[in-house]
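Grab a pencil and work through these exercises with the model open next to you. Each one gives you a task, then a solution in small steps.

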Amino acid sequence: RPANAWLFAAHDLVFGTWTAGYHLTTLFMHLGCGLLLGVLLMRFGIGRWGAAAGAAFWMLSPYAFEPVLFVNVSYNDLTVLLVWLGLACLWPGPSECWNMGRLAAAAAMVAFSVFCKESWVMVAGLAVLCDLCLRETNVRRAVRTGVVLAAPVVIYVAAYVLIFSGRGEYYDLGSHVVTKIPHLWACFSLLGSLEPYQPGIGSEELLGIVLMVGAAAVGLRARSRMILLGFGWFFVTLLPVLAVSWIPTRYTVVPLVGFVVVVAGVFQVLVPWVPANSRRAARASIAAIAVCAVLVNVVWIRGELTDMWRLTALYDRLLGETAELVPHLDDGLPLVCVRGERTNLQNRFAVEGYAGIEKYQFARQSAPYGLASWPALLTFARAGHGDDLYLKASAADGSRRDFLVVTHVDGRFELAEPTAATLQDELKLWRQAGFRARAIIPIR
């Protein structure tokens, strides 16, 4: 994901360790996605207020809010989403053609998405949907467009499998592949809250299935291309993570767009079916539903912000301990970093509960308190003290004899005396003793 690194590097040059600058960018990216979603809804004839309501529902949903809070999630997910929504807004309509300007812009966006996240490979499926639903071409022509875009996708996937052969362990074809779809639809419909670890089939999921089938029936009867696009977007963008057994909210950001499009399309179809003398009341009812849904999301977002501040306090604790270590580090020396505690601070959320929706907590097993990886933590903490960039030590660094040993125990970091002659041997000794250890090296 080179684009992720590029964005971090650019922000580091501009903002340094002023974290608010990073979050300003994520906020503008989030607003940009909401704006493009509104434009997409208006392409199907949704009015300004309806488009604004749909965009607001997405932007204020707890299932789309994680990128605003976590910079790395924004750089991964919102970059791809900006590209996909941009393509949908750029795609020619029924009476339009691909001119050179549009084609160049689309090619540039697709090329950029390759460097953002692996899920860019679904662009071929989205292109088929856009041809069918926006340009209103026939199936054969739409499939032909998808085949053209599928060629680089096949090459990419083949190379990815060869280079990252161990990534198959990331996927698990269990029951969650089936249960995840109605569970997410129920969550998006505000019928329940996310179960990130073991989504099952309960009353909420059954009602979610009823709503999905009902929306599909409305779409089929009305031959709504908008509802088709929404369902297609939901399934196509969910497909890359469908076999992942857990559900972090970073996986719900993009599929939620499809849900919003489906709901807007259903309302668009239903209003003309209402008797003419009752349509004003129908539109008022839809507006009231939209306002209530947005307000419910606002309540959830307040909880999300509370949880974020609680998590920030944990990181502040770790950064405070790291600040005491920094003056004792010698410039230029590699480090053998040892996690000497087994305290995962994020576990307190499971004990105390969440103010917002339940979340999947990513614990970095080798990192202090399971929070921040050693290279990122020390790079950030040493800003202004040599400005070293810490990276994982290479095999060539294993023979070095000049290095330090840093251990983290509850409440502090400690410098330990090396007991082996080389960095590689020192690392091996700590691991044999049952500790999680890794070697990192500073560069200027």
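**Exercise 1.** Decide whether glutamate 321 is buried, partly exposed or exposed, then find out what its side chain meets.

*Solution.* Keep in mind that this is a predicted model.
- Step 1: Glutamate 321 has a relative accessibility of 9%. Buried means under 20%, so glutamate 321 counts as buried.
- Step 2: The side chain of glutamate 321 meets that of arginine 317 in a salt bridge, at 3.5 Å from N to O.
- Step 3: Now check arginine 317: with a relative accessible area of 36%, arginine 317 is partly exposed.
- Step 4: Look at the spacing. The two residues, arginine 317 and glutamate 321, sit four residues apart in helix 13, which means about one helical turn separates them.

**Exercise 2.** Work out which parts of the chain are tied together by the salt bridge between glutamate 304 and lysine 359.

*Solution.*
- Step 1: Start with the distance: the closest N and O atoms of glutamate 304 and lysine 359 are 3.1 Å apart. The limit for a salt bridge is 4 Å, so this pair makes the cut.
- Step 2: Place both ends. Glutamate 304 belongs to helix 13 (residues 279–325), while lysine 359 is in the loop between helix 14 (347–352) and helix 15 (374–381).
- Step 3: Put that together: the pair ties together parts that are 55 residues apart in sequence.
- Step 4: Check the surroundings of the pair: both glutamate 304 and lysine 359 are buried.
- Step 5: Zoom out a little. Salt bridges link Glu304, Asp307, Arg310, Glu352 and Lys359 in a network.

How many salt bridges are there by this rule? The count comes to ten.

**Exercise 3.** Classify both partners in the salt bridge of arginine 400 and aspartate 402 as buried, partly exposed or exposed.

*Solution.*
- Step 1: The side chains of arginine 400 and aspartate 402 meet at 2.8 Å, N to O.
- Step 2: Arginine 400 has 24% relative accessibility, so arginine 400 counts as partly exposed.
- Step 3: Aspartate 402 comes in at 34%, so aspartate 402 is partly exposed too.

**Exercise 4.** Name the type of ring pair that tryptophan 91 and tryptophan 98 make.

*Solution.*
- Step 1: How many aromatic pairs does the rule give? The count is 15.
- Step 2: For tryptophan 91 and tryptophan 98, the ring centres are 4.9 Å apart and the planes stand at 80°, so you call this pair edge-to-face. The cut-off you need is that planes over 60 degrees apart count as edge-to-face.
- Step 3: Compare how covered the partners are. Tryptophan 91 is buried at 6% relative accessible area, whereas tryptophan 98 is partly exposed at 26%.
- Step 4: Rings can also join up in a group: ring pairs link Phe57, Tyr63, Trp185, Phe188, Phe231, Phe234, Phe235 and Phe259 into a cluster.

**Exercise 5.** Find the ring that arginine 221 lies over, and say where arginine 221 sits in the chain.

*Solution.*
- Step 1: Arginine 221 lies in helix 10, which covers residues 203–222.
- Step 2: The ring is that of tryptophan 273: arginine 221 lies over its face, 4.8 Å from the ring centre.
- Step 3: Buried or exposed? Arginine 221 has 70% relative accessibility, so arginine 221 counts as exposed.

**Exercise 6.** List the backbone oxygens that the side chain of arginine 339 comes up to.

*Solution.*
- Step 1: Locate arginine 339 in strand 1, residues 335–339.
- Step 2: One backbone oxygen belongs to glutamate 341, at 3.2 Å from a polar atom of the arginine 339 side chain.
- Step 3: Another belongs to threonine 343, which the side chain of arginine 339 reaches at 3.1 Å.
- Step 4: Arginine 339 has a relative accessibility of 5%, so arginine 339 counts as buried.

**Exercise 7.** Look at helix 2 and find what the side chain of threonine 26 reaches.

*Solution.*
- Step 1: Threonine 26 is found in helix 2, and threonine 26 is buried at 0% relative accessible area.
- Step 2: The threonine 26 side chain reaches the backbone oxygen of histidine 23 at 2.8 Å.
- Step 3: Now turn to the surface, where Trp18, Leu24, Leu27, Phe28 and Leu31 form a nonpolar patch with about 520 Å² of accessible area together.
- Step 4: Place tryptophan 18: this residue is in the loop between helix 1 (2–15) and helix 2 (19–43).

Methods. Residues are numbered from 1 along each chain as its sequence is written. Side-chain values use heavy atoms; hydrogens and water are left out. Rings of Phe, Tyr and Trp (its six-membered ring) pair if their centres lie within 6.5 Å; planes under 30 degrees apart count as stacked, over 60 as edge-to-face and the rest as tilted. Buried means under 20% relative accessible area, exposed over 50%, partly exposed in between (1.4 Å probe, protein chains only). A charge sits over a ring if NZ of Lys or CZ of Arg is within 6 Å of the ring centre and within 35 degrees of the ring normal. Patches are made of residues with over 30% relative accessible area and no salt bridge: like charges are joined within 9 Å, nonpolar side chains (Val, Leu, Ile, Met, Phe, Trp, Tyr) within 5 Å. Accessible areas come from the Shrake-Rupley method with a 1.4 Å probe; for residues, only the protein chains shown count as cover. A polar contact is a pair of N or O atoms within 3.5 Å; within protein, one must be able to donate a hydrogen and the other to accept it, and residues adjacent in sequence count only if both atoms are side-chain atoms.
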